[in-house]
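Me: I would like a close look at a single part of this model, the aromatic side chains and what surrounds them. Please keep it to geometry and contacts.
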Amino acid sequence: MKTRLSRLLTFALACAAPAAAAQQPVAPRQVDLVIAATTDVHGRVRGWDYYDSRPDTVRGLTRAATIVDSVRQANPGRVVLVDAGDLLQGTPIDYVAARVRTTEPHPAIAAMNAMQYDAAAVGNHEFNYGVPTLRRAVAQAHFPFLAANAWTTGGARAFRAYTIVRRAGVRVAIVGATTPGSNLWDGQHLKEAHLVIRDAVPDVRTAVAQARRAGADVVVLAIHSGLDEPSSYDTVSSHLPSENVAARIAHEVPGIDVIVYGHSHKEMPDTVIGSTLLMQPRNWATSVAVAHLALTKAGRRWTVTSRASGVVRTAGHAEDPKILAVTDAAHRATVEYVTRPIGTTPVAWRADSARVVDTPLMDFVLDVERKASGADLASASAFNLDAGLDSGAITVARLAAIYPYENTLRAVRISGAQLKAYLEWSARYYRTLGTPGSLIEPNVPGYNFDIVAGVDYTMDISRPAGERITSLTRNGRPVAPTDSFTLALNNYRQSGGGGYAMLRDAPVVYDRQQDIRQLLIDEVTQRKELRPADYYHHGNWTLAPGSAVAAAYRAMHRIPDEGQGPQ
């Protein structure tokens, strides 16, 4: 019943064309133009969970393809299909494509080619495996990757700014743009490729004007940028524009009819700013956004007379056999890679309480970081509260669930004052005890709550933000502001990602471009058997007061997908 209802909703939305369009097959004076969109697919190509080795019935491009096919059948020759970025990183199938099966077609690109996408914006995670890997994917695509604000340091465009497609006699320009946060998060990759990402707003304004001069009747912007949320980095110290400017563009840039935006992993069926319709489908191909523009032609000019949009959830929809077929080889290779045992453990390890108490699982990650870098201290986040190791065999899949991002290991030299500022910033994840509502601060995602090993500290959430680290010692001695330490951390955090501006000028003392997940795999492979006692020695950090621990645990577990958002 649920599947049938979803299809009926899709069909009803898709068939909203004026009757006059069907009555004028030659040179129609009215056209119902349909824009279908996905964003932040992050490797969810098929309905399969590679972390738990089981079917995923609620998301995936294979299910989105079925929706797109239905929309096209109901609106022949009038559908434009776009993606707003973050395609090439997110699950093990992406890792295998980038690091193992490098000469084979990328499964996400193969799926999108089969779905006949018209264009895709470049997302920040497209740079995670390096620009050469992105270039290979771009070369395989039958559609352009767009980024009007991506440039070479020599002043040339790194990607196309826009493309124009025709539908039912209407010239539709698709403009693409991406977040400048990549300058921080993948700065090394961009530097090696001599690329820079500029402020999206002026470059989008220029590209839209160029597209209009080139004859575009309708302009669609696909942008990898949130609506208007605060940036995850300090825009002042980083000297970078905001990463979330979709609303600002709608306010400031004339000539855009539809904005498809992404990056923030939220769902917005429709909103209108000025004369611009904005929509954001749910991440991980969990929904497809569908917009209808009613166009009327007077003389040679098309005018948008009405606009509306909604989302169709992929849950319950059948998987498209064509997409299953073109991704089958990559899927089977990935399953083989992630399910191979690399070690064992006699007990279960869990991440569910890792943000309220010190846990062996996080100490395992932190110990591997410290050992590899030789640093005094180490920091890491509990990315996925559902992750863990069951007793028995340890597979690559379980380690990938614990550490899902393509981060590399670095170490920096920091002072005692910087360390305290670092921990105070992490403590913002919690609201002050006694504040009405949830104990979890809604504007601080779980992946920005860091845990530090190598020092002992107390985080008192009964105190206001900025005054919560009430005890901070190393080897029994209070940490002084002038003390000096080396701190192991991932490249995202070292660059200031998550707003950790106190690290921006900390000297880098270690950077061998080692993938942190691979370091965890290597540790298990070498040891053969993992025991908590080998990593967990004592609880080096404490959440206070003790009465808040249970309430904090309950609060974070009420948040859907907590710890699994974008980085």
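Which residues do ring pairs link into a cluster?

Reply: The model is predicted. In it, ring pairs join Tyr429, Tyr430, Phe449, Tyr457 and Trp541 into a cluster. The structure holds 16 aromatic pairs. One of them is formed by Tyr457 and Trp541, which are stacked, with 6.2 Å from centre to centre and 15° between the planes. This pair links distant parts of the chain: Tyr457 belongs to strand S24 (residues 456–460) and Trp541 to strand S29 (residues 541–544), 84 residues apart. Tyr457 counts as buried because its relative accessible area is 3%, under the 20% cut-off. Trp541 is likewise buried, with a relative accessible area of 4%.

Another member of the cluster, Tyr430, has contacts with residues more than four places away in sequence, including Arg355, Val356, Leu439, Glu441, Phe449, Met459, Arg468, Leu543 and Met556. Tyr430 and Tyr457 also belong to the largest nonpolar core, of 88 residues, where they are among those that touch the most other members, together with Phe364, Leu399, Leu419 and Met459. In soluble globular proteins, nonpolar side chains tend to be buried together.

Apart from this core lies another, of 41 residues, among them Leu88, Ile109, Tyr117 and Phe127.

A charged group is also placed over an aromatic ring: Arg428 lies over the face of Trp425, at 3.8 Å from the ring centre. Arg135 lies over the face of Phe159, at 4.8 Å from the ring centre.

Notes. Residues are numbered from 1 along each chain as its sequence is written. This is a predicted model: local features need pLDDT of at least 70, side-chain atom pairs count only at pLDDT 80 or more; totals for chains, interfaces and linings use all residues. Side-chain values use heavy atoms; hydrogens and water are left out. A nonpolar core is a set of buried Ala, Val, Leu, Ile, Met, Phe, Trp, Tyr and Cys residues joined through side-chain atoms within 4.5 Å. Buried means under 20% relative accessible area, exposed over 50%, partly exposed in between (1.4 Å probe, protein chains only). Contact means heavy atoms within 4.5 Å. Rings of Phe, Tyr and Trp (its six-membered ring) pair if their centres lie within 6.5 Å; planes under 30 degrees apart count as stacked, over 60 as edge-to-face and the rest as tilted. Helices (H or I, at least four residues) and strands (E, at least two) are DSSP runs, numbered from the N terminus. A charge sits over a ring if NZ of Lys or CZ of Arg is within 6 Å of the ring centre and within 35 degrees of the ring normal.
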